[in-house]
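Got a fold open and wondering how its helices pack and where its empty space sits? Let's go through it together.

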Amino acid sequence: MPESTCFWINGRLLPEREAVIPVSDHGLLYGDGVFEGIRFYHRTPFRLSAHLQRLADSCKAIRLALPYTLAQLTDAVDEIVAAFPEENGYLRLMVTRGSGPMGLDPAGCKQASVILIATRLEMVHPELRSEGIRLIIASTRRLPADGLDPRIKSLNYLNHILARMEATQAGAQEAVLLNTQGRVAEGSAENIFIVHNGQLATPRPVDGALAGITRGVILELAAELGIPVREAPLTPYDLYTADECFLSGTGAELIPVREVGGRPLHHCPGPVFSALASAFQEQVADACQPLHCKPKETLS
Ligand code: PMP
């Protein structure tokens, strides 16, 4: 992690060497836990309440008792953002089942752990951000919604990691995961949008898409800009023949796609992407204005 990275565990800001959790934590043993990725700009987290609500919903869905209220988590976020030496950054907020005896039953895990990491994050090189990235369709599928609901942002990303490795192996930057019916679900860590004949479309959560916060912002902005939009089942064919395609995510922000499975798209970046990307930047600038607040002393 970059030197500027800050750590907060169960109520305390800690230097990296002390930022440790027990190896008996079921988050490590079984991937038993949930998380959020949150960006902050000018020391203001973007769409924090939506992220905290999704975290609370993920916890509820897996019967994990959050040891803090959302107001307390907001204070923790403020604390680590103030401690971070830069104005803009990325937060990883994790809730793990906590330490317990070996075995899947979490009944012996008495106290969930809450971990916050503030760091720098550049998902793609700025050049690729303007040129557009290449996608492959991964052979690894998204877990079916009746196995694990895609709205649960769980700590286990193994099939997404396998898909991303397929992309790297193929010389592409990102992979699209299909669901077990062959419908498009999402990227390994982003939602996906296409534009066809001026109409914007994105897969539904029921088809395997995370209910992305950035995806939600794009849907709002499209409505404001009068861009027709639908949440609909999509197939690889829809991606290959799209006029435009782009990815959305907290880490990714908006990334245009120039090629899917070796098929170049008509426009990259296309006019709909460009309109939405500017509106997104305006939205961020509006919501996260400079506060002129001084960073607290960094821990050494
Ligand atoms: N899908 C997956 C699997 C993700 O990990 C992410 C990143 N959190 C997204 C979509 C995008 O969601 P958001 O806009 O909330 O970051």
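Here are some questions and answers on helix packing, a pocket and a cavity.

This is a predicted model, where local features need pLDDT of at least 70, side-chain atom pairs count only at pLDDT 80 or more, and totals for chains, interfaces and linings use all residues. Residues are numbered from 1 along each chain as its sequence is written, and side-chain values use heavy atoms, with hydrogens and water left out.

Q: How do helix H6 and helix H8 pack, roughly parallel or roughly perpendicular?
A: Helices here are DSSP runs of H or I with at least four residues, strands are E runs of at least two, and both are numbered from the N terminus. H6 (residues 213-225) and H8 (residues 271-287) have axes 10 Å apart and an angle of about 110°; axes are lines fitted to C-alpha atoms, for helices over the stretch in contact, and angles run from 0 to 180 degrees between N-to-C directions. Angles under 35 degrees count as roughly parallel, over 145 as roughly antiparallel, 65 to 115 as roughly perpendicular and the rest as oblique. That makes the H6 and H8 pair roughly perpendicular.

Q: How many charged residues are in the contact of H6 with H8?
A: Contact means heavy atoms within 4.5 Å, and H6 brings residues including Val217 and Leu221, while H8 brings, among them, Ala279 and Phe280. Ala, Val, Leu, Ile, Met, Phe, Trp, Tyr, Cys and Pro count as nonpolar, Asp, Glu, Lys and Arg as charged, and the others, Gly among them, as polar. The contact comes out at 9 nonpolar and 2 polar residues, and as for charged ones, none.

Q: Which element gives the most to the lining of the largest pocket?
A: On a 1 Å grid over the protein atoms alone, a pocket is an open set with protein on both sides within 12 Å along at least five of seven lines, a cavity is a set of points where a 1.4 Å probe fits but cannot get out, and lining residues have an atom within 4 Å of a point. This pocket is lined by 45 residues, with Phe35 and Lys153 among those nearest its centre. With 5 residues, the top contributor is H5.

Q: Where does the largest cavity lie?
A: Its lining includes Arg39, Tyr41, Thr214 and Phe280. Both domains, whose bounds come from an automatic or database domain assignment, give residues to that lining, so the cavity lies between domain 1 (6-119) and domain 2 (126-285).
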